[in-house]
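Student: I have a chain open here and would like to talk it through before I write my notes. Could we start with the strands and then move on to the cysteines?

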Amino acid sequence: MKKAAYPVIAALAATIAISSAFAQKKEEEPFWAIGRPKGDATAKMAPVPALPIATAADKLPIKKIKLPPGFKVEVYQAGVLDARGMREGDKGTVFVSSLFVAGKIYAISNKGGKRELKTIAEKLFLPNGIEFNKGALYVATPKDITRYDNIEANLDNIPQPVDMTEAFKLPPDVHHNWKFLAAGPDNKIYIQVGSPCNLCEINPGVHGQIRRYNFDGTGMEIMARGVRNSVGFDFHPKTGELWFTDNGRDTLGDEQPNDELNHAARAGLHFGYPYCHEGAIADPEFGKARKCAEFTPPAQKLGPHVAALGLTFYTGTMFPAEYRKQLFIVNHGSWNRTPAAGHTGYRVMLARIQGDKVVSYEPFITGWLLPDNRAWGRPVDILVAPDGALLISDDRANLIYRVSYH
């Protein structure tokens with residue numbers, strides 16, 4: 001596959017978009033700090049890596065990415081500004097969401113063996129959550145849900161979206177509520193409603209949940225409680241049970257709490273937030289109200305501040321048998337560790353599962369975080385393609401990778 005060049009016009013447009021997003025008055029709060037904890041502790045943290053001006057894919061250090069023997073990484077699609085969530089349509093179209101900078105939904109289609117990148121929606125407010133079901137693309141922002149019917153047949157003439165906001169009746173909070181959507185094996189759509197703060201006593205009937213609905217917005221049921229901020233879930237290919245990542249609270253130090261991989265074997269389990277973190281750390285403020293033993297502990301501790309996001313069970317056949325039905329987990333990378341501690345994450349991990357237990361947790365892809373503590377890429381979501389390859393989005397390098405095995 002030839003390396004795709006980033007067109008000059010697209011690079012100029014990306015530069016303008018990023019400049020506009022960050023052109024704020026000095027007294028205004030930057031977008032990444034909205035709702036985050038304030039004070040001396042936060043001021044001492046390592047700075048949040050700035051989103052880069054779009055870089056040509058052939059100028060990125062792709063060769064620094066490290067994989068196990070036999071695996072290969074290449075650029076699947078460049079020029080996808082702020083690439084976040086991914087879903088594949090029935091006809092092979094890969095839909096990609098964005099978040100802070102772009103506010104767009106993209107479609108990557110194949111025409112005559114050549115990939116074509118289109119913008120199918122723009123100027124949206126944090127449109128992170130997407131899902132595809134029965135020919136329709138669902139798009140969720142913190143404040144609304146819309147549905148684009150028969151989308152793959154209309155990529156050149158996008159239909160007017162159907163407003164589903166009133167049907168789902170989700171709270172309109174922004175903090176920890178850029179949505180993640182996933183279709184379950186039960187033909188339900190799963191949606192998280194995160195905490196409206198770094199740490200607070202949440203309304204247990206509204207926040208800190210993963211919910212499931214019928215695709216028309218009816219039949220709401222709370223699948224998991226005590227969930228601070230999940231931006232990734234999937235379902236075991238054999239049992240159909242829900243597994244999800246959850247980001248731990250900030251400002252408890254460099255090395256705690258861990259982000260979590262959680263397993264909801266049945267509906268209604270409580271995973272501890274805001275009273276207990278990583279299954280064993282009582283919160284200094286709210287931990288006196290309830291004991292950690294009351295809650296479901298994580299199936300695996302994922303590391304402190306790694307920003308665990310997308311995950312997927314490997315359901316393809318391209319990879320060796322030892323990878324099949326195992327769980328790949330993306331670590332987007334830390335924002336709130338001190339400079340002395342350095343950043344962590346910026347990798348794809350592999351959790352090997354036997355029954356309902358995680359028996360090992362190890363790096364699968366590394367190389368985005370450089371030895372000097374700078375990151376040139378930040379992986380976000382992961383998708384199993386029909387041919388068995390893995391697609392991985394990167395909202396810093398602004399592209400989609402393809403990982404194959406030979």
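Student: What is the strand order in the open sheet of four strands, and is the pairing parallel or antiparallel?

Tutor: The order is β6-β7-β8-β9, with antiparallel pairing, where strands are DSSP runs of E of at least two residues, numbered from the N terminus, and two strands pair if DSSP finds at least two bridges between them. Before we go on, note that this is a predicted model, in which local features need pLDDT of at least 70 and side-chain atom pairs count only at pLDDT 80 or more, while totals for chains, interfaces and linings use all residues. Residues are numbered from 1 along each chain as its sequence is written, and side-chain values use heavy atoms, with hydrogens and water left out.

Student: Which are the edge strands?

Tutor: They are β6 (129-133) and β9 (162-163), each of which pairs on one side only.

Student: And over how many bridges do β6 and β7 pair?

Tutor: Strand β7, residues 136-140, pairs with β6 over five bridges in the antiparallel sense, and within β7 it is Val139 that serves as the bridge partner of Ile130.

Student: Now the cysteines: how many disulfides are there?

Tutor: The count comes to two, taking a disulfide as a pair of cysteine sulfur atoms within 2.5 Å. One joins Cys197 to Cys200, with an S to S distance of 1.9 Å, and the other is formed by Cys276 and Cys292, whose sulfur atoms are 2.1 Å apart.

Student: Why is the Cys197 and Cys200 disulfide called left-handed?

Tutor: The torsion about its S-S bond is about -85 degrees, so the disulfide is left-handed.

Student: Are Cys197 and Cys200 buried or exposed?

Tutor: Cys197 counts as buried at 12% relative accessibility, and Cys200 counts as buried at 18%; buried means under 20% relative accessible area, exposed over 50%, and partly exposed in between, with a 1.4 Å probe and protein chains only.

Student: What about the handedness of Cys276 and Cys292?

Tutor: In that pair the torsion about the S-S bond is about 105 degrees, so the disulfide is right-handed. The pair links distant parts of the chain, 16 residues apart, with Cys276 in strand β18 (residues 276-277) and Cys292 in the loop between β19 (281-282) and β20 (300-304). Cys276 and Cys292 are both buried.

Student: Last topic, the whole chain: what percentage of the residues count as buried?

Tutor: Of the 406 residues, 58% count as buried.
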